[in-house]
Amino acid sequence: MPPIHPDQRVAVLADARNLYHSSHSVYSRNVDYASVLESAVHDRKLVRAIAYVVRAHAPEEESFFEALEDIGFETKLKELKTYSDGSKKADWDVGLSLDAITLGRHVDTIVLCTGDGDFSRLCSHLRHEGTRVEVMGFGQSTATELVEAADSFVDLSEDTDRFLL
């Protein structure tokens, strides 16, 4: 595992939908993205911060997207799709993974803010390519295989006063 040092270049990729559902199902509270970003960067050099969000046409979402940008996140938007059977879907797994692989060639560390176990294979690939992978998520809703695939894991549940609003 590569050590942490101040000259490391870091990219932070936040799966906003996953963090939202985790924080609301466990705590009924919102994530403090400013604190998450600050902790993820940890006095290193931020190259890029991206929040992957879904537009569901909810009343407060535009202000949320603007707040993310004010904090320092670039937002990538995907429309919520409604299918003929009434089911809805929108996820960023492929987009986030492609960005992580691309950015992995230009940074020393990728910080994935998610608990989604689908990203465990991505972690393994990035580490194999020499990129440090850190995961930040809510412990009780973070997949064990994701934690095991990363170089380090920050459990946001251990400091809810800091990471939740």
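Buried means under 20% relative accessible area, and by that cut-off Arg132 is buried, as is Glu134. The model described here is a predicted one, and a search of the whole structure finds nine salt bridges in it. The points below take up some of these ion pairs, together with the accessibility of their residues, and then turn to the packing of helix 4 (residues 93-104) with helix 5 (residues 120-128).

**Salt bridges between strand 2 and strand 3**

- Arg48 and Glu74 form a salt bridge in which the closest N and O atoms are 2.9 Å apart; the pair links distant parts of the chain, since Arg48 belongs to strand 2 (residues 45-55) and Glu74 to strand 3 (residues 74-79), 26 residues apart.
- Arg48 counts as partly exposed, with a relative accessibility of 31%, and Glu74 is likewise partly exposed, its relative accessible area being 30%.
- A salt bridge also joins Arg55 to Glu79, with 3.2 Å between the closest N and O atoms; because Arg55 lies in strand 2 and Glu79 in strand 3, this pair ties together parts that are 24 residues apart in sequence.
- Arg55 has a relative accessibility of 16% and therefore counts as buried, whereas Glu79, with a relative accessible area of 40%, is partly exposed.

**A salt-bridge network around Arg132**

- Arg132 forms a salt bridge with Glu134, and the closest N and O atoms of this pair are 2.6 Å apart.
- Salt bridges that share partners extend this pairing, so that Arg44, Arg132 and Glu134 are joined into one network.
- Within that network, both Arg132 and Glu134 are buried.

**Packing of helix 4 with helix 5**

- The axes of helix 4 and helix 5 come within 10 Å of each other and cross at roughly 10°, which means that helix 4 is roughly parallel to helix 5, given that angles under 35 degrees count as roughly parallel.
- On the side of helix 4, the residues that take part are Leu96, Ser97, Ala100, Ile101 and Gly104, and in helix 5 they meet Leu122, His125 and Leu126.
- By residue class, this contact of helix 4 with helix 5 divides into five nonpolar and three polar residues, with no charged residue among them.

Definitions and conventions. Residues numbered from 1 in each chain as written. Predicted model: local features only at pLDDT ≥ 70, side-chain atom pairs only at ≥ 80, totals over all residues. Heavy atoms only, no water. Salt bridge = Lys/Arg side-chain N within 4 Å of Asp/Glu carboxyl O. Helix = DSSP H or I, 4+ residues; strand = E, 2+ residues; numbered from the N terminus. Buried < 20%, exposed > 50% of the residue type's maximum accessible area, 1.4 Å probe, protein only. Axes fitted to C-alpha atoms, helices over the stretch in contact; angles between N-to-C directions. Parallel < 35°, antiparallel > 145°, perpendicular 65-115°, else oblique. Contact = heavy atoms within 4.5 Å. Nonpolar A, V, L, I, M, F, W, Y, C, P; charged D, E, K, R; others polar.
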